[in-house]
Each structure stands twice: as structure tokens, then as C-alpha cells.
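Please open the structure in your viewer and keep the selection tool at hand. We will go through it one selection at a time.

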Amino acid sequence: MKKEDTCGPIWVFAEQEEGRIQDISLQLIGKARALANELNTTLEVILLGDRIKDQVQPLFAAGTDRVYLGDAPTLSWYQPEIYTEIIVSLADEKKPEIVLIGSTHAGRELAPMVAARLKTGLTAHCIDLTINENRILEQWIPAYGGLISITCPKNRPQMATVARGVFPRPHMDESRQGEVVLLEVPAEFEGRIQTLQVVRRKQETVPLESAAIVIAGGAGAGNEEGWRQIADLAQTLHAALGCTRPVVDEGWTGHETMIGQSGKMVSPELYIGIGLSGELQHLIGVVNAKVMVAVNKDARAPVFEQVDYGIVEDCRTFVPLLIEKINAYRSRRKGA
Ligand SMILES: Cc1cc2nc3c(=O)[nH]c(=O)nc-3n(C[C@H](O)[C@H](O)[C@H](O)COP(=O)(O)OP(=O)(O)OC[C@H]3O[C@@H](n4cnc5c(N)ncnc54)[C@H](O)[C@@H]3O)c2cc1C
């Protein structure tokens with residue numbers, strides 16, 4: 001066997017919610033399959049949950065060779081400590097080369113816990129993954145106004161998180177089969193952190209990920225009132241409302257509204273960015289938008305180089321005026 005044939009498997013942590021595999025996991029498996037082919041190694045997936053045996057087949061169809069299945073009532077909901085414990089002890093035994101985890105609420109917590117226990121590095125919110133000439137994983141993130149790659153040349157596994165929507169859903173080959181390895185799970189687990197109840201937040205606006213129109217507001221909104229105007233415009237256009245990081249930092253809206261490298265990926269027909277500068281960390285989240293428009297009071301704002309249409313205006317006057325015009329147009333149409 002050649003030296004390059006001997007690397008450990010690639011792992012994907014498959015996230016399930018209420019017994020259903022999440023899209024992000026299939027997207028990661030699709031990418032991991034390509035990486036595994038390049039490294040000439042196997043692709044293995046860890047699936048933890050309760051009564052989830054029937055969820056194994058989609059993992060094989062997406063490209064997995066082997067599934068480590070922890071199927072027990074204790075694992076029904078994500079529990080950080082027991083999930084970490086299971087992954088770490090299995091990694092100690094199986095020595096994976098690469099571990100990929102989704103940048104979801106759970107994944108953002110689980111990945112650093114696992115990396116710390118395995119004494120290895122972790123690159124969060126990658127927007128691409130490639131293998132270099134030394135067979136090392138290059139973990140690409142936006143930084144310093146461009147893209148940079150981070151590597152973990154010595155410690156293993158090489159670990160990365162990736163957001164939903166960065167990689168496409170893979171072709172599903174339903175005839176594909178693989179091996180299932182059942183994991184032993186403690187019947188009782190007295191962790192310090194337990195999920196007692198899951199309360200779903202009511203979705204009040206159009207979901208960002210599936211919206212045809214996305215309006216994103218930035219720091220240029222100025223204050224809560226300016227932000228509210230942008231939110232009103234989104235409502236008027238039946239659009240989903242997104243934002244940049246400063247808007248979250250100011251507390252005008254929640255983190256779930258943020259678009260970009262460490263937020264959500266969107267792919268609308270129309271994206272309108274208002275009062276934002278066009279930093280790559282934000283715009284990376286809208287690369288799949290069909291038509292892009294920016295509103296900024298500074299004609300030299302970098303965002304204008306990235307969009308199809310630019311409007312040089314102060315959003316505090318432009319946004320209310322646009323809402324007024326849209327409403328007037330609709331009234332005229334109704335009256336006609
Ligand atoms: C590791 C890392 C991850 C990150 N991840 C993300 C991410 O996922 N998403 C994200 O958004 N950011 C992210 N960031 C932050 C990102 O780098 C930028 O700081 C952020 O996107 C800038 O937000 P902004 O454009 O709203 O603010 P600014 O850069 O401050 O731009 C404000 C813009 O508003 C304009 N403006 C001001 N007043 C008005 C007005 N009255 N009318 C019209 N225009 C006006 C200004 O001309 C300016 O162009 C990340 C950063 C790091 C380091």
C-alpha cells in the first residue's frame with residue numbers, strides 16, 4: 001500500500017432534528033465524498049438520535065460508506081456533553097483524518113468541544129474545502145478583503161464547520177449501500193447540561209433561506225428607527241429580512257437574521273442591501289442571488305462594485321419614500 005493510501009477516514013457529523021436528517025448534513029456528505037475520493041479514503045458518518053435507523057439510507061445515497069449509529073432515547077435531542085463524549089471516544093479509536101460539522105446552533109457548540117478534547121484545530125464557517133498537493137485540507141474563509149485558506153498540518157483530525165447552503169445537495173443514488181456500526185450508548189447519562197424542552201420560535205417573517213426577495217439592512221440604518229424602516233420595506237415587498245453583523249451587535253434584531261460567513265446563506269431572485277458596505281463576510285452569503293441592488297449614501301462604497309444596480313441615497317429618506325411609492329402604486333392598481 002502506498003503511503004498516501006493510508007490516511008484515516010473522513011467523518012461527517014450528521015445532524016437530525018426530530019428524527020429527520022438535516023439538509024446541511026447531506027450537503028456536507030456530498031463535499032466529503034469528493035474529498036474522500038481525492039484522498040482515496042472512506043467516508044464515515046456519525047448519526048446520533050432516537051429511533052432513527054430509517055434515516056441511515058439517505059446517508060448512503062448521498063455518498064457515505066459507513067454509518068456509526070447511536071440510537072437510544074438518551075440521544076433523542078442534542079446533548080452537548082454526551083454527543084461530545086461519543087464522538088471523542090470514537091475518534092480516539094478510529095483516528096479520522098478530517099471531521100466536518102455543520103455551522104448550526106448545535107454544530108457551533110459541538111465542534112469546538114470536540115476539537116478541544118481532541119487537542120486539534122478547528123476552522124469555523126468555511127466557505128470551501130480543498131485538498132492541497134501535500135494532501136492537507138485547505139479550509140477557506142473570507143478574510144483581509146479576500147479568501148484565505150487555513151490548514152492544520154500536524155494535529156489530527158483536521159476539523160471544520162460549514163454553514164447550510166455553502167455546498168449543494170448531492171445527487172442521491174438510492175441504490176447505494178453501506179455498513180452500519182451500532183454504537184453502545186449509556187442508558188442513563190447524568191450530564192451537567194440536559195435538553196428539558198424544545199420551544200419553537202414562531203416564524204414571523206418570510207424564511208430567509210427560501211425567500212424570493214431578501215432585503216438586508218446594515219449599520220447605515222443608524223438606529224433602531226432606521227432599522228424598523230428597513231423591516232417595514234421588507235414587509236411591504238413580502239420579502240425576507242436579513243442584516244449584517246453590526247445590526248445584530250446593536251441588538252436591533254437577532255443573530256438568526258444575519259447573512260454571511262457566520263450567518264445564513266440565501267439565494268433569492270432579488271437581493272437589496274441597504275446601508276451596508278459590502279464586506280466579503282456578508283456578501284459571501286448572497287453569492288447565489290440572481291439580481292443584486294445596493295442602496296448606500298456613499299457613491300464610493302465597495303458594495304457598488306459587487307451589485308447589478310446601485311442607488312446612491314440616504315436610506316433614512318429613501319426607504320420611507322420607496323414604501324410610500326409602492327403603496328401609492330398598489331392603491332392606483334386596485335382603483336383602476
Ligand atoms: C470572522 C468574521 C466573520 C464575520 N461574519 C459576518 C457575517 O456572517 N455577516 C456579516 O454581515 N458580517 C460578518 N462579519 C463582519 C463584516 O466583516 C463587516 O464588519 C460587516 O459585514 C459590516 O457591516 P455593515 O456593512 O452593515 O457596516 P459598515 O461596514 O460599517 O458599513 C455601513 C455602510 O452604510 C453606509 N451608510 C451609512 N449611513 C448611511 C445612510 N444613512 N444611508 C445609506 N447608507 C449609509 C456607509 O456608507 C457604509 O458603507 C464578520 C467578520 C469577521 C471577522
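The tour goes from the whole chain to the core and then to the ligand.

This is a predicted model: local features need pLDDT of at least 70, side-chain atom pairs count only at pLDDT 80 or more, and totals for chains, interfaces and linings use all residues. Residues are numbered from 1 along each chain as its sequence is written.

Select the protein chain and colour it by secondary structure. There are eight helices and 17 strands, taken as DSSP runs numbered from the N terminus (helices are H or I, at least four residues; strands are E, at least two). Of the 336 residues, 41% count as buried, which means that 20 or more other C-beta atoms, placed from the backbone, lie within 10 Å of a residue's own.

Next, select Leu 100 and Ile 215. They have the most contacts inside the largest nonpolar core, which has 93 residues. Such a core is a set of buried Ala, Val, Leu, Ile, Met, Phe, Trp, Tyr and Cys residues joined through C-beta atoms within 7 Å. Now select residues 23-39, helix α1: this helix gives seven residues, the largest share of the core. The core lies between domain 1 (3-182) and domain 2 (208-335), because both give residues to it; the bounds come from an automatic or database domain assignment.

Last, select the ligand. Which residues are closest to the ligand? They are Gly 218, Gly 220, Thr 244, Gly 260 and His 282, among 25 that surround the ligand (C-beta atom, placed from the backbone, within 6 Å). Helices α6 (245-249), α7 (280-283) and α8 (315-335) each give two or more residues to this shell.

Technical notes: A residue is buried if 20 or more other C-beta atoms lie within 10 Å of its own, exposed if 12 or fewer, and partly exposed in between; C-beta atoms are placed from the backbone.
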